[in-house]
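This report goes through one structure by its helix contacts, its nonpolar cores and a number of single residues. The sequence and the coordinates are shown first.

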Amino acid sequence: MKFTLSWLKDHLETTASLDEILDALTDLGLEVEGVENPAERLSAFTLGKVISAEKHPDADKLKVCQVETDTGPSQIVCGAPNAREGITVVIAKPGTFVPGIDTTIQVGRIRGVESHGMMCSEREMELSEEHDGIIELPSGEVGQRFTDWLAEHDPAKVDPVIEIAITPNRPDALGVHGIARDLAARGLGSLKAREADPIPGAFPCPIAVSIDADTREQCPVFYGRLIRGVKNGPSPQWLRDALTAIGLRPISFLVDVTNFFAYDRARPLHVFDADKIRGGLRVHRAEGNETLVGLDDKEYRFTPGMTLISDDEGVESVAGVMGGLRTGCTDETVNVFVEAAYFDPITTAETGRALKITSDARYRFERGVDPAWTPIGLEHATRMILDVAGGEASDVVMAGALPDTERAYRLDTDRVQSLVGMEIPANTQHATLTALGFRMEGDMAHVPSWRPDIQGEADLVEEVARVASLTRLQGTPMPRVHAGVTRPVATPMQRREGAARRTLAALGYNECVSYSFIDAAAAAHFDGGDEARRLENPISQEMTHMRPSLLPGLLAAAARNQARGFADLALFEVGPGFLGGEPGEQQLLATGLLVGHSGPRDPHGARRTVDVFDAKADMEAILAAVGAPAKTMILRDVPGWFHPGRAGRVGLGPKKTIAVFGELHPKTLEAFDVKGPAVAFTVFPEEVPMPRKTGATRPALVLKDLQSVERDFAFVVDTEVAAADVAAAAAGADKALISDVSVFDAFSGERAEAQMGAGKKSVALAVRLQPADKTLTEKEIEAVSARIVEKVGKATGGVLRG
């Protein structure tokens with residue numbers, strides 16, 4: 001949104017400086033994006049008077065001029081045809097930057113004659129395209145600043161242009177009047193009323209207007225009137241200057257009027273050449289395949305449901321977006337029909353987007369214009385047309401009814417101070433809302449029609465706060481709820497999450513943060529991709545589903561790194577995975593991925609490829625960090641993205657899974673374009689039981705003072721039996737005495753089967769016995785050993801190896 005300072009002052013009576021206005025705009029939420037101040041780039045230019053102008057001794061088209069300046073007479077060589085004695089000119093002294101030629105003036109010699117400056121043309125100063133001669137001023141004193149002379153005689157040329165960013169919730173700020181209202185509420189001046197009295201019609205309007213019954217939601221109200229006998233042509237200079245300053249091209253007065261009110265009051269209007277309208281105007285929904293050549297000379301084809309304005313011959317305008325070329329106003333227009341209507345923001349936005357039309361009218365209608373100002377805007381436009389172009393106005397014709405925007409919310413002044421954190425007296429809060437256009441009845445604030453964004457009491461708080469200025473907010477410490485040491489804020493699960501993240505980083509992993517959304521193919525590979533987890537409005541085709549696992553993001557990161565020459569990777573992420581699409585159907589995951597080798601190449605041959613035991617060791621470290629029990633069971637049933645036989649599921653029982661680890665399946669690596677080997681693990685911190693004791697105290701240290709005893713056992717079992725099952729069976733033989741069981745040897749393969757029989761293997765265990773009250777006798781040790789052999793035999797079918 002662009003406007004000039006003088007345009008703003010047409011609505012705001014103020015003595016504030018430009019800098020004060022700019023600071024206030026940003027503080028009010030109307031962020032200043034840029035300021036073009038011609039006075040700044042012209043500040044170094046001064047006025048001078050030519051004392052004499054003689055022909056250059058060595059050039060026919062040059063003159064050697066003696067010019068009186070504020071520093072005394074100066075000699076300037078000039079080639080302008082109008083350089084002559086007695087004229088007042090604009091001087092650029094040595095050291096002055098001339099924007100039109102992008103040059104800093106220096107003392108120089110032109111054809112052997114020294115020149116101390118430059119007499120400027122309008123184009124050289126970027127005031128216009130005029131460059132046939134230097135500027136001749138009708139008045140001015142020698143040494144006077146040129147910007148001061150312009151401010152007095154031609155202020156439009158030094159009028160600062162301000163550009164602000166408008167958020168979608170502030171359609172009222174798309175008009176200069178709305179911006180002035182905010183500044184007046186801040187206290188930078190007073191708002192000028194600038195109302196127009198209704199203009200009585202001199203004759204009935206010959207053009208009838210109507211709105212189809214099924215279109216009333218898309219166009220609740222439509223006003224119009226005919227003005228006959230107008231004289232169209234160039235706009236007045238003030239209007240041309242205003243539009244040109246903000247980047248609009250003046251076209252003709254009737255068209256410029258509509259552009260002016262779009263920026264002045266955020267009220268789009270449209271003018272039809274009344275002599276080209278056949279019959280009346282009808283607002284209706286498009287049936288489909290209607291066409292219109294717009295004012296931009298392009299043909300548009302409409303789809304069903306779009307809002308159109310038609311006469312008896314066909315479509316004349318795209319409602320709220322663009323008018324048609326056939327009924328557009330030209331210099332020959334003598335009878336004009338002025339339209340002021342209210343169009344639904346959503347339909348207008350959808351129509352403009354579908355037709356790929358961007359216009360000032362669409363930009364305002366799709367954000368919501370003031371419906372109550374619709375007939376008033378028509379009166380203002382009528383008054384301007386009659387004052388400038390003459391003519392005679394008809395009665396106003398109307399179809400539909402103004403939409404009801406009446407609503408009110410309670411202003412709780414104490415609550416405002418509590419939420420904002422500033423002392424704002426109640427009468428100041430009431431005055432603020434009144435200045436913004438609210439109608440106060442006690443504590444009830446009636447919302448003005450131009451503020452569709454005010455939808456509740458919280459919005460009233462925001463209005464009071466932004467006008468009061470949050471820059472005045474003083475930081476104060478919050479009162480303590482409890483005296484003494486501050487209690488922990490993080491929940492036990494948050495502490496677990498932090499512990500997992502710190503442990504993974506300490507193990508040398510690099511943390512990744514990936515999107516929670518992945519593509520359908522990747523989601524399906526990890527048992528996701530169903531309809532429940534599909535996004536209704538995805539960001540892109542690569543982010544259509546909620547992720548069931550963190551591995552897709554880590555594998556994608558690994559593939560990108562490998563493509564750039566980084567082959568050995570250790571990546572992790574801690575975040576949510578989604579089991580469904582409903583609230584609560586998600587779980588916290590801590591996932592690590594190892595790709596490539598364990599370290600860099602070295603002369604000692606210590607470098608090796610990562611394997612499943614690397615993943616298992618790191619997984620166990622994470623489980624210990626989150627407080628998982630030391631005794632767990634490892635099961636073979638793992639998800640399909642792991643390599644069968646080289647992966648395991650860690651559980652506290654057959655159905656209680658707390659982690660999974662293993663080598664990734666070759667098909668998984670191929671699907672994500674990752675070059676193996678690669679191993680991974682996932683820990684489920686939420687599945688780990690919370691400790692029964694939450695205190696910080698530790699139990700007393702219990703040390704055994706009796707000698708432990710170790711015995712080795714070698715069992716022959718079937719090849720399908722897991723070594724962990726054998727160890728678990730041995731450990732269960734005497735839980736009071738057996739403190740540890742570990743596998744120290746496994747003998748399998750053809751040689752083992754040759755010795756022990758087909759389908760057999762040997763598993764060797766080291767069993768530690770730890771007595772508590774007395775030293776074990778040989779007889780007691782033999783009894784425990786017998787129970788171990790018996791327990792393993794019943795559980796696995798194993799027998800002692802001979």
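## Helices α2 and α5

In this predicted model, Ile 21, Ala 24, Leu 25 and Asp 27 of α2 are in contact with Ile 179, Leu 183 and Arg 186 of α5. Helix α2 covers residues 18-27 and helix α5 covers residues 176-186. Their axes lie 10 Å apart and the packing angle is about 95°. An angle between 65 and 115 degrees counts as roughly perpendicular, so α2 is roughly perpendicular to α5.

By residue class, the contact of α2 with α5 holds five nonpolar residues, no polar ones and two charged ones.

## The largest nonpolar core

Which residues touch the most other members of the largest nonpolar core? They are Leu 25, Ile 164, Ile 179, Leu 183, Phe 222 and Phe 337, in a core of 100 residues. Helix α7, residues 253-264, supplies the largest share of this core, with seven residues. A second core is separate from this one and has 28 residues, among them Val 595, Phe 642, Phe 672 and Phe 684. As a general tendency, nonpolar side chains in soluble globular proteins are buried together.

Leu 183 also appears in the α2 contact described above. With neighbours up to four places away in sequence set aside, Leu 183 is in contact with Leu 8, Leu 12, Ile 21, Ala 24, Leu 25, Leu 28, Leu 188 and Gly 189. Of these partners, Ile 21, Ala 24 and Leu 25 are α2 residues in the contact with α5.

## Helices α6 and α7

Helix α6, residues 237-245, packs against α7 at an angle of about 55°, and the two axes are 11 Å apart. The range for roughly perpendicular begins at 65 degrees and that for roughly parallel ends at 35, so α6 and α7 are oblique to each other. The crossing of α6 past α7 is left-handed.

On the α6 side the contact is made by Trp 238, Leu 239 and Leu 243, and on the α7 side by Phe 253, Asp 256, Asn 259 and Phe 260. These residues divide into five nonpolar, one polar and one charged.

## Helix α8 and the loop after it

Ala 349 belongs to helix α8, residues 345-355. Is Ala 349 buried or exposed? Its relative accessible area is 11%. The limit for buried is under 20%, so Ala 349 is buried. Outside the four places on either side in sequence, Ala 349 touches Arg 362 and Glu 366. The C-alpha atoms of Ala 349 and Leu 25 are 27 Å apart, with their positions 324 residues apart along the chain.

Lys 356 sits in the loop between α8 and α9, the latter spanning 360-365. Its phi is near 60°, a positive value in a residue that is not glycine. Lys 356 has a relative accessible area of 76% and is exposed.

## Backbone features elsewhere

Asn 289 also has a positive phi, near 75°, and is a residue other than glycine. The loop holding Asn 289 runs between β18 (281-285) and β19 (291-293). Asn 289 is exposed, at 57% relative accessible area.

The peptide bond that joins Gly 676 to Pro 677 is cis, and its omega is near 5°. Pro 677 is in the loop between α18 (666-671) and β38 (678-683).

## Strand β40 and the loop before it

Gly 732 lies in the loop between α19 (723-731) and β40 (738-747). Its relative accessibility is 26%, which makes Gly 732 partly exposed. Gly 732 and Met 125 are 607 residues apart along the chain, and their C-alpha atoms are separated by 97 Å.

Phe 744 is in strand β40. At 47% relative accessibility Phe 744 is partly exposed, because exposed requires over 50%. What does Phe 744 contact beyond its neighbours within four places in sequence? The partners are Asp 712, Ala 764, Leu 765 and Ala 766. For Ala 766, which is 22 residues away along the chain, the C-alpha separation from Phe 744 is 6.7 Å.

Methods
Residues numbered from 1 in each chain as written. Predicted model: local features only at pLDDT ≥ 70, side-chain atom pairs only at ≥ 80, totals over all residues. Heavy atoms only, no water. Core = buried A, V, L, I, M, F, W, Y, C linked by side-chain atoms within 4.5 Å. Buried < 20%, exposed > 50% of the residue type's maximum accessible area, 1.4 Å probe, protein only. Helix = DSSP H or I, 4+ residues; strand = E, 2+ residues; numbered from the N terminus. Contact = heavy atoms within 4.5 Å. Axes fitted to C-alpha atoms, helices over the stretch in contact; angles between N-to-C directions. Parallel < 35°, antiparallel > 145°, perpendicular 65-115°, else oblique. Left-handed = near helix turned anticlockwise from the far one by under 90°. Nonpolar A, V, L, I, M, F, W, Y, C, P; charged D, E, K, R; others polar.
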